[in-house]
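The following note sets out several points on the structure shown below. Please read each point with the structure in view.

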Amino acid sequence: MRIRATAALAVTLGLGLSACGGGTAGGPAAPAGPAAARQTGDLLVTTPAAKGELDKATWNLPFGEPASLDPIKAFNYPENTVVANLCEGLMRLDPDYSVKPNLAEKVANPDPKTWVYTLREGVTFWDGEPMTADDVVFSLRRHLDPDEGSYWASDQITGNIDSIEKTGDHEVTIRLKQPDATLNSYMVTPVGVVVEKAQREKAGAKYGTPEGSVMCTGPFKVASWQKGSKITMDRNDAYWDAARKAKTKQLDLQFIVDPGAIASALDTGAIDGSYDVPVGALDRLSASQNGKLYLGRSLQMVAVISTGNGLLGDPAVRRALAMATDREAIAQTVFAGTAQASRSLVPRGGWSYGDEVFGPAYDALPDTKKNIEEAKKLVAGKTGGAPIVIAYPSERQFYADILSEVANAGRELGLTIQPKGVPSAQYGAFFSDAKARAGYDGFMTTNYMDIPDPLAFLRTIAAKGGSQNFNGYEDPQVQDLIGKAAATADDAERAKVTTEIQSKVMEQTPWIPIAAPAVQLFLNKRVTGVPASFVYLYSPWAASLGAA
């Protein structure tokens, strides 16, 4: 469960599966039985290309109905999965995690604090109005306006922006307070998404709702939104990029959340496809005669977050629990063989540069094999005392299963682990309100990287004031390294500094990494073409959906 939150609102999400994996590493061995039919080997980035167009297709959003289609409120699975097909950023994230120009045809970084975007000409919104530099400046500045309430406003990203200015008819310049080599990658996310200024201002408080809608430039446009039932998207036949025009004329997005109902709808063909297939549906769908289950390269990871309280506030105890927990068994059983045990808080393959640096550095971290004897040495003299209370969303059984194994590990070390279920409606506050975490030593998360850059993710956890620094982690040397990495434009050099950060953070283990699940994607045999990797939150995945 990853909760994205701002002072304005905590957005809750109970996940029925999880996170990440892939890169060039081989996938996990598939278990026996029906699951043996699952694809193994390298995790995928794409599915086979479509061979034709479709008049209509149906897709499911397994985490429910979006709360809004306003891009700056797209900070969660349902919203992002829809908005990614409607609204576009200055840059584009491709299935292999490469970042390419999009609404900006060119980007320049003339000095460490300046990013200059040359805008693509000939781009129009769905209503036919041209996209202008004024629209771009307005859209980017929305994140800086407290009245707009952007969920993407943060110290590390938008808080570092000094100015956003129109510097030419087709040019926009962003100036930063401090150098940040990751900023351009954030232009693939809603941070860099462009909306039509006039329509936003006209819609007022109804913006992003079924009544107010949005106005964007993407390959699909909103046809209708029937609350509680479905969202229908129609192909944008005037889309500016003819080579990437959508292959499906109409796409209905439904909101089935029950795992059994999802499995049935996919297996019978009532729904053509879904990302994030629940773990409980994997056995049935991997044996389906009507479609195929794909495992893709992901940016997700499952972990236990320390609040800094109690015995779990001790780094030695956290490292010991990581060593003593059979994370490989969790990956094979709880996640039905669709995950890999995690060595790091950065998922294996969770990067778009520096593979020759990040890959070996990941492999050099302590392995995930259970090692009780070494773990006991770490907790010598630290056992006994009050139980370690760890919260999880009570509706999600797989978290309870994970914590059962963690509790087994604790008993072997002389520690008492007390899992405590919390209703999902209340769980979101753990990520936004320190008072909600009072009385808990840890809480479960399924988290993901917004962009394929380990620096960007690690600093949310380890930077002073980081948006996900929940246990007061503070290391002056790490803080200096974060600043150094952000100021390093050369990818290979930045990767070297970032691996130093990773190594030091993992010595403290502010979060205990558990598993990195693959993207779990099911497609009916009549459709194909969508990305298999985790780009579906920020890339127009449905544009490539077509006939098999």
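1. The model under review is a predicted one. Of the 548 residues in the protein, 60% are buried; for this count, buried means a relative accessible area under 20%.

2. In secondary structure, the protein contains 16 helices and 23 strands. Its radius of gyration is 23 Å, close to the 24 Å that the globule rule gives for 548 residues, so the protein is as compact as a globular protein of that length. Taken along the principal axes, the box filled by the C-alpha atoms is roughly 70 × 55 × 45 Å.

3. The contacts deserve attention as well. Among contacts in the protein with a separation of 6 or more, 72% are between residues 24 or more positions apart.

4. Turning to the surface, the protein exposes about 19400 Å², and carbon and sulfur atoms supply 48% of this area. The protein carries 54 positive and 62 negative charges, and the mean positions of these two sets are 3 Å apart.

5. One open sheet is built from seven strands with mixed pairing, in the order β10-β11-β12-β3-β13-β21-β14. Its edges are β10 (220-226) and β14 (291-296); each has a single partner strand, so one side of each is left without a neighbour in the sheet.

6. Within this sheet, which way do strands β13 and β21 run relative to each other, parallel or antiparallel? Strand β13 (residues 273-274) and strand β21 (residues 519-524) run antiparallel and are joined by two bridges. In this pairing, G273 stands opposite L523 in β21.

Methods: Residues are numbered from 1 along each chain as its sequence is written. This is a predicted model: local features need pLDDT of at least 70, side-chain atom pairs count only at pLDDT 80 or more; totals for chains, interfaces and linings use all residues. Side-chain values use heavy atoms; hydrogens and water are left out. Helices (H or I, at least four residues) and strands (E, at least two) are DSSP runs, numbered from the N terminus. The radius of gyration is taken over C-alpha atoms; the globule rule is 2.2 Å times the number of residues to the power 0.38. Buried means under 20% relative accessible area, exposed over 50%, partly exposed in between (1.4 Å probe, protein chains only). Contact means heavy atoms within 4.5 Å. Accessible areas come from the Shrake-Rupley method with a 1.4 Å probe; for residues, only the protein chains shown count as cover. Lys and Arg count as positive and Asp and Glu as negative; His and the chain ends are not counted. The place of a charge is taken as NZ of Lys, CZ of Arg, CG of Asp or CD of Glu. Two strands pair if DSSP finds at least two bridges between them.
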